[in-house]
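Today I am opening a new structure and keeping notes as I go. My topics are a helix, some rings and a surface patch.

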Amino acid sequence: MLRALLLTVSVVAIAHGELCKPDAQNAFKVRISIKTALGDNAYAWDANEEYLFKAMVAFAMRRYSSKSTTQISNVLLCNVTDRVSFWFVVTDSSKNVTTVPGSVVEAAIRMNRNRINSAFLLSDKTLQFLKITSTLSPPVEPSTPVWLIVFGVVLCLIVAGIVFLIVSGIQKHKKKNKESTERENLEEKVEVTVTLENGLPCEVLDLKAGHINGVFPADDERFTSL
Amino acid sequence: LSATPEIPKEDGRPKWDNKFQYILSCIGFAVGLGNVWRFPYLCQIHGGGAFLIPYFIALLFEGIPLLHLELALGQCLRKGSIGAWNTISPYLGGVGVGSWVVSILVSLYYNTVLTWVMWYFINSFQEPLPWSVCPLNENRTGFNKECYESTAVNYFWYRKTLNITPDIAESGTLQWWLILCLATCWAIVYLCTIRGIETTGKAIYVTAIFPYLVLTIFLIQGLTLPGATDGLVYLFTPNLNTLKNPRVWLDAATQIFFSLSLAFGGLIAFSSYNPQKNDCEKDAVTVAIVNSMTSLYASIPVFSVLGFKATTAYWDCLDRNIISIINDFDLPEESIMRQNYTSWISFLNSSHPEKIAGLKLKSCDLQEFLDQNVSGTGLAFIVFTQAIILMPGSQAWAILFFIMLFSLGLSSMFGNVEGVFTPLLELQIVSKSTPKELLSGIICLISFLIALCFTLGSGSYWIDIFDRYAGSVPLLVIAFFEVIGVVYVYKIKRFSKDVKWMTGRKLHLYWQITWRFISPLLLLIVFMAFVTLLMLKPPSYAAWNPKYEGFPMKEEKVYPPWVQAICVLLAALPCVCVPLVALFHLIKQKRRSKDTSLVSPEVFSCQGANS
């Protein structure tokens with residue numbers, strides 16, 4: 001009885017060893033960087049964390065396929081290093097000693113990546129499944145691009161400035177015109193007074209009304225003829 | 001008998017509100033983007049502190065004399081560039097026309113650079129900064145390919161901002177976001193230059209002083225960043241061997257010349273609004289020294305930030321190697337740190353050399369990262385933006401940095417636009433009743449429409465062409481003719497008397513010697529060396545081509561012949577104005593067949609100009 005038990009255990013152990021080894025079929029390598037993610041709050045990676053990991057993988061498998069009956073014991077971990085990196089496979093308990101196809105595991109992990117990450121307080125970068133690429137979240141795009149808003153503000157300020165300057169320029173121009181017409185009127189008045197000679201306006205001095213004084217010689221007789 | 005009131009005879013010419021406004025305008029015009037992104041680069045590649053020697057020699061023998069000449073000329077003749085040179089001699093009117101053409105060409109492309117600055121500025125209000133993350137590709141499994149292969153910063157600059165085409169012959173389409181920003185920039189320029197110096201004089205208080213504030217803030221911040229001291233030590237360590245290379249002297253001379261914005265006609269325009277009894281000698285020395293000090297002052301924060309960036313890149317390189325080793329050897333985390341990296345590497349190399357070789361680790365050398373040098377738009381829009389992402393509170397730093405660049409460029413634009421505006425006002429093309437606002441509006445509108453071609457996909461290649469050909473060679477030619485014209489046509493004795501009347505002191509021997517011999521000779525040598533170098537290199541450009549095998553390196557392409565023809569045209573057009581106008585006047589005089597005196601009568605010397 002005891003021998004049979006020992007035999008089963010050793011078979012299981014060997015199978016375990018064969019199923020889970022680096023670069024085995026349907027095996028995935030995981031790399032965890034706890035100190036990078038958490039700094040001073042980093043926890044140590046021990047058997048308890050490994051147990052949680054197995055539980056999360058089993059959870060992911062169950063959540064992905066409702067038919068799945070993955071147990072924690074189905075998830076095998078091996079080659080745990082100081083880096084904290086290890087390989088894991090998911091065995092299928094219904095078919096003896098085989099592993100679940102890698103594509104199924106990958107899809108399950110992908111679907112539940114967020115939950116797995118948050119269980120360990122890590123992110124996609126610090127909890128790496130080396131063959132499984134993650135979909136990147138799109139950047140947050142506001143409905144109106146921010147730069148258009150800023151641009152609108154700047155443009156409004158500038159247009160307001162230009163309009164203000166042009167209007168003030170026109171007003172100054174009008175004021176200057178008004179002032180210069182006033183000054184012209186003043187000058188006209190001055191000119192009108194200038195045309196007064198000896199208290200008499202020039203128009204009054206009508207040359208036709210006078211007599212030509214014959215004592216003074218006419219212009220052409222001024223010079224003595226040769 | 002007359003009772004008319006005595007109306008005092010006025011010049012009608014606008015004037016500065018006070019002397020400080022005038023000095024600030026000249027300083028703002030001289031201090032531009034080149035002080036921030038060209039001078040530090042030249043210091044870096046030409047032996048650090050040693051570069052200051054040829055720089056100050058060039059300042060003394062080329063920069064200050066030419067600056068004094070222009071300021072004195074404008075102040076004495078009280079006209080813009082075209083009017084001033086026509087007054088000296090109608091045969092030299094071409095020098096003024098050449099300056100005017102160069103000012104137009106430079107205004108066109110300079111404002112497009114400000115468009116890029118404005119685009120980055122309004123994008124700095126986002127969290128996270130758009131140039132810090134790569135966008136995802138279509139099926140969201142990874143990042144956009146072009147972005148992933150280069151960097152997020154490069155992608156934002158070449159794709160999201162410029163949407164650059166792989167070849168200059170492919171024009172691409174007009175980029176609507178750049179058109180919007182271009183319209184805004186020209187609207188800002190119009191707002192500030194709407195009434196000439198009346199409005200720029202007020203705007204300059206902000207745009208000329210603000211950059212110094214921001215530079216100081218960046219200086220304080222930069223010095224606190226890790227790795228800043230490495231950058232500064234690297235910058236200022238003099239390597240006197242570089243002085244043996246004549247290229248260094250040429251670069252110093254051209255840097256001084258272009259940095260002071262000589263031969264644009266803008267300085268003549270600014271000083272023409274001065275009262276004649278003004279000490280232009282002191283002004284010239286002040287402006288030149290402030291310009292050079294600003295260059296030095298700006299290079300300190302620039303190099304602190306570059307040193308910080310190099311250190312961060314070095315640490316990233318180390319960290320990536322460390323992760324590779326830890327992952328491959330399955331060592332516990334944090335067993336290899338940056339400090340003991342070298343000892344670990346040597347240990348592992350001796351124990352597992354093949355495994356280490358298989359990892360293909362990159363060699364991380366801080367000196368190599370510090371040696372990477374960039375100038376111009378690459379410095380501002382690629383290197384600096386990358387450094388800003390790494391600083392805490394990056395939005396604030398980005399906003400400050402881009403406002404500073406915008407102010408620096410805007411105050412230089414004022415000088416450029418004044419160089420276009422003032423001669424037009426004097427040429428009496430428009431009647432006196434046309435308001436100034438309309439004229440400046442028309443200039444800004446026409447410039448905006450022409451500058452739309454810089455918003456095409458190939459726009460930045462064209463801006464490089466304009467910068468290299470229109471904004472360099474013609475200026476040297478015009479400056480040479482300026483000095484020759486004043487010294488030998490107007491005659492230095494007459495000019496000395498004018499300057500003595502304006503400043504109240506006899507002209508120092510230093511000015512006589514530099515104006516008569518040293519500056520023209522220096523200009524001639526610099527011009528010939530510059531043109532030789534320009535022609536020795538086949539005219540090529542570096543294109544951003546995602547389909548190139550060596551991507552993300554840029555592809556070296558040669559300009560097609562029609563583009564080369566345009567380059568020659570751009571360089572030759574302002575220069576050819578000088579002989580053309582002289583020829584035109586010669587023909588006119590021959591037709592009139594009056595006595596052909598080279599110089600108009602002496603009526604218009606400074607003392608007699610206003611009588």
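**Entry 1: terms.** I fixed my words before looking. A residue is buried under 20% relative accessible area, exposed over 50%, and partly exposed in between. I also noted that this is a predicted model.

**Entry 2: Phe258(B).** Is Phe258(B) buried or exposed, or in between? I looked up its relative accessible area and found 24%. That value lies between 20% and 50%, so Phe258(B) counts as partly exposed.

**Entry 3: its helix.** I turned to helix 12 of chain B, which covers residues 246-259. The helix has 14 residues. From first C-alpha to last I read 20 Å, close to the 20 Å expected at 1.5 Å a residue. How many of its residues are buried? I found 10 of the 14, so I wrote "mostly covered". Among them are Val248(B), Leu250(B), Asp251(B) and Phe257(B). Just after the helix, Ser261(B) takes a positive phi of about 55°.

**Entry 4: the patch.** Trp249(B) also lies in helix 12 of chain B. Its relative accessible area is 36%, so I filed Trp249(B) as partly exposed. Which residues join Trp249(B) in a nonpolar surface patch? They are Ile53(B), Ile57(B) and Leu240(B). The patch measures about 360 Å². Why can Trp249(B) belong to a patch? Patch residues need over 30% relative accessible area, and Trp249(B) has 36%, so it passes that cut-off.

**Entry 5: ring pairs.** Next I looked up the aromatic pairs and found 55 over all chains. I picked Phe258(B) with Phe530(B), an edge-to-face pair. Their centres are 6.2 Å apart, with 65° between the planes. This pair links distant parts of the chain. Phe258(B) is in helix 12 of chain B, and Phe530(B) is in helix 24 (residues 509-536), 272 residues apart. Phe530(B) has a relative accessible area of 16%, so I marked it buried.

Then I checked Tyr510(B) and Trp511(B). Their ring centres lie 4.8 Å apart and their planes stand at 55°, so this pair is tilted. Tyr510(B) is partly exposed at 24% relative accessible area. Trp511(B) is buried at 2%.

**Entry 6: charges over rings.** Which ring does the charged end of Lys355(B) sit over? It is the ring of Phe329(B), with the charged end 4.5 Å from the ring centre. I noted another case: Arg494(B) lies over the face of Tyr490(B), at 4.2 Å from the ring centre.

Terms used
Residues numbered from 1 in each chain as written. Chains lettered and ligands numbered in written order. Predicted model: local features only at pLDDT ≥ 70, side-chain atom pairs only at ≥ 80, totals over all residues. Heavy atoms only, no water. Patch = residues over 30% accessible without salt bridge, like charges linked within 9 Å, V, L, I, M, F, W, Y side chains within 5 Å. Areas by Shrake-Rupley, 256 points an atom, 1.4 Å probe, with all protein chains shown as cover. Salt bridge = Lys/Arg side-chain N within 4 Å of Asp/Glu carboxyl O. Helix = DSSP H or I, 4+ residues; strand = E, 2+ residues; numbered from the N terminus. Buried < 20%, exposed > 50% of the residue type's maximum accessible area, 1.4 Å probe, protein only. Phe/Tyr/Trp six-rings, centres within 6.5 Å; stacked < 30°, edge-to-face > 60°. Lys NZ or Arg CZ within 6 Å of the ring centre and 35° of its normal. Expected span 1.5 Å × (residues − 1).
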